[in-house]
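Please take a moment with the sequence and the structure before reading on. The notes after them are meant for a reader who is new to this molecule.

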Amino acid sequence: MNESFDYIIIGAGTAGCILANRLTENKNIKVLLIEAGGKDTNPWIHIPGGYFKTMHNPKTDWCFTTEEEKFCNNRKMLIPRGKTLGGSSSINGMLYIRGHANDYNYWRQLGNIGWSWEDVLPYFKKSEDYRISKSEFHGTDGPIKVEKIRSKFKLLDLFLEASQEFGYKKNEDFNDGDNEGMGYFPMTINKGFRCSSAVAFLKPIKNRKNLKVITNAHVKNLTFENLKVKNVNLWKHNEEFSYSVNKEVLLSAGTIGSPHILQASGIGPGKLLNEHNISIVKEINGVGRNLTDHLMLRPVYKIKNLETLNDIYHSFTKKFLTGLNYLIYKKGPLTVGASYLCGFVKSDSHLENPNLQFHISPASTDLLGKAGLHKFPAFTPTITNISPTSRGSIEIKSSDTRIYPKIKMNYLSTDEDREIAGKSIKIVRRVVLESKAFKNYTPEEYRPGTQFKDNESLAREAGKFANTIFHPVSTCKMGNDESSVVSDNLKVKGIKNLRVVDASVMPTITSGNTNAPTMMIAEKASDLIINDQK
């Protein structure tokens, strides 16, 4: 089969669904959207509380694992990535955070024209139907619904109160360019249901005659002629298919998938490609390098006389009432994904911008998504270094893309990251154990334990229970230096008709959750592509 399309989009995830929507607005443009996962028909995808049913589920999650992480107790760590229409936006925590304005101003300072905060703000607004408040920083006509949280716990209000005792201000809008402070997360939820990229952008246009969507189709590689993509080759049910492209191939397979496909197609570090007998089309050493992620440190605090999700989880009656509350009113814990409270604070007062983020959940577990909740009432004030200096890599293990690549995160591999890990645990400890707000509820540090006091031992202990917070970026980074893969128009350097459009192009990681920035990248890319064709 050698059907021809103007644009072929590889990956129907957060970015791919947006590209498909925007490009097919022109009826004369013929688009193919390829997804390696299945359709998003699993009901747990659409119930926000089903977050824990889809993560680590091989039907909806690629279930990647890292190599052994030296500074995380030599563990091989789980890296969830969406394996369905909507990609990771179909299994993520639904937390809508753009980052700090200076994240994007820094991208511009690195030489990426058109990527400053002022440049990208219109694209954030374009995607958004913001239902929390009206402001010049938000859109109200976009497909992505952003709502305030529909569940409350007294515990969380007390944490807000406790944080204010130590000078952390309340923040009503984390997305106006200055994210500092504490408050409740805005969420990509529509009246109690997940609002994924597939739901918002793909479902309304799935019957457009100029769009073809194929699922369960795993891309084998791209073939080239004179540094121009000629065909996209794939497997579907072990049969091989090939599609030719007239204009451009848009690679939106994600921070792990995009460099993997490039390397399998002969674009990447020459030494690595030679090791796997892959013919070099274009040697670009940055492909798969610069991997950056946010590592969540997950201290656990026992608490008395306050209800937590642990109590609900271990009570048949409370679980039944929670389900009923969701079915009838679309309220309560089943309307929430990963976390409730958000906060951006500084590990040191001299810093210009916050470098730590709180994700606070009224629940605790030994392993997020894989183990049940603890049998005692407790909560998890997760803390994350949002400006890590550790870098990892994605490397092909075989020319067959069905074999997972080698993922090396190198979490906590720099002295700076370990020092900040220790400081961040101390900040949490102070808010919980020294505040007046919590005094009457007898908080007790279950993990890591107050016997660990210095930064070095705290970082070591934190590494034993730390996990990814699911924000891998930068493996095909945009820029002008030797380690960059795409230019500021997202075109792969030296290739005439290939762009990368997903979180892998971020020059540096944003200050917070990465789903909203990825949507922005796809919105801006759509304009770049359309304007180039004009």
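What follows is a short briefing on helix packing, aromatic rings, backbone geometry and two buried positions.

The structure is a predicted model, and every value below was computed from it. Two pairs of helices are described, α12 with α13 and α4 with α5, and the rings, unusual backbone angles and single residues come after them.

**Helices α12 and α13**

- Helix α12, which covers residues 415–434, packs against helix α13, which covers residues 455–465, with the two axes 7 Å apart and at an angle of about 90°. Since angles from 65 to 115 degrees count as roughly perpendicular, α12 and α13 are therefore roughly perpendicular to each other.
- On the α12 side the contact is made by R418, E419, A421, G422, K423, I425, K426 and R429, and these meet N455, L458, A459 and A462 on the α13 side. Sorted by class, the contact of α12 with α13 holds 5 nonpolar, 2 polar and 5 charged residues.
- Helix α13 is mostly covered, with 8 of its 11 residues buried. The buried residues of α13 are N455, S457, L458, A459, E461, A462, G463 and F465.
- The partners against which the buried residues of α13 pack are the helix α12 and the strands β4 (75–79), β16 (295–297), β23 (444–447) and β24 (467–468).

**Helices α4 and α5**

- Helix α4 (residues 101–109) and helix α5 (residues 117–127) have axes that come within 8 Å and cross at roughly 120°. That angle makes α4 oblique to α5.
- In this contact A101, Y104 and N105 of α4 meet W117, V120 and F124 of α5. By class, the contact of α4 with α5 has 5 nonpolar residues, 1 polar residue and no charged residues.

**Aromatic rings and charges over rings**

- The count of aromatic pairs comes to 19. One of them joins F153 and Y340 in an edge-to-face arrangement, with 5.7 Å from centre to centre and 80° between the planes.
- This pair links distant parts of the chain, 187 residues apart: F153 lies in the loop between β6 (144–146) and α6 (154–165), while Y340 lies in the loop between α11 (316–329) and β18 (341–345).
- Both rings belong to residues that fall under the 20% limit for burial, because F153 has a relative accessibility of 5% and Y340 one of 2%.
- Ring pairs also link Y104, W107, W115, W117 and F124 into a cluster, and among these Y104, W117 and F124 take part in the contact of α4 with α5 as well.
- The charged end of K302 sits over the ring of F376, 4.6 Å from the ring centre. In another such arrangement, the charged end of R447 sits over the ring of F465, 4.6 Å from its centre, and F465 is one of the buried residues of α13.

**Backbone geometry**

- Most residues other than glycine have a negative phi, and most peptide bonds are trans. The bond from R447 to P448 is cis, with omega near 5°, and P448 is placed in the loop between β23 and α13.
- L227 has a positive phi, near 60°, in a residue other than glycine. L227 is located in the loop between β11 (217–224) and β12 (229–236), and with a relative accessible area of 33% L227 is partly exposed.
- L412 likewise has a positive phi, about 55°, although L412 is not a glycine. L412 is found in the loop between β22 (406–408) and α12, where L412 is buried, with a relative accessible area of 7%.

**Two buried positions**

- S511 lies in the loop between β25 (498–500) and α14 (515–533) and is buried, with a relative accessible area of 5%. Leaving aside residues up to four places away in sequence, S511 touches I97, G99, H100, D103, N179, F344 and I386.
- L121 belongs to helix α5 and is buried, with a relative accessible area of 13%. When residues up to four places away in sequence are not counted, L121 touches R98 and F137.
- The C-alpha atoms of L121 and Y104 are separated by 9.7 Å, and these two residues are 17 residues apart along the chain.

Definitions and conventions: Residues numbered from 1 in each chain as written. Predicted model: local features only at pLDDT ≥ 70, side-chain atom pairs only at ≥ 80, totals over all residues. Heavy atoms only, no water. Axes fitted to C-alpha atoms, helices over the stretch in contact; angles between N-to-C directions. Helix = DSSP H or I, 4+ residues; strand = E, 2+ residues; numbered from the N terminus. Parallel < 35°, antiparallel > 145°, perpendicular 65-115°, else oblique. Contact = heavy atoms within 4.5 Å. Nonpolar A, V, L, I, M, F, W, Y, C, P; charged D, E, K, R; others polar. Phe/Tyr/Trp six-rings, centres within 6.5 Å; stacked < 30°, edge-to-face > 60°. Buried < 20%, exposed > 50% of the residue type's maximum accessible area, 1.4 Å probe, protein only. Lys NZ or Arg CZ within 6 Å of the ring centre and 35° of its normal.
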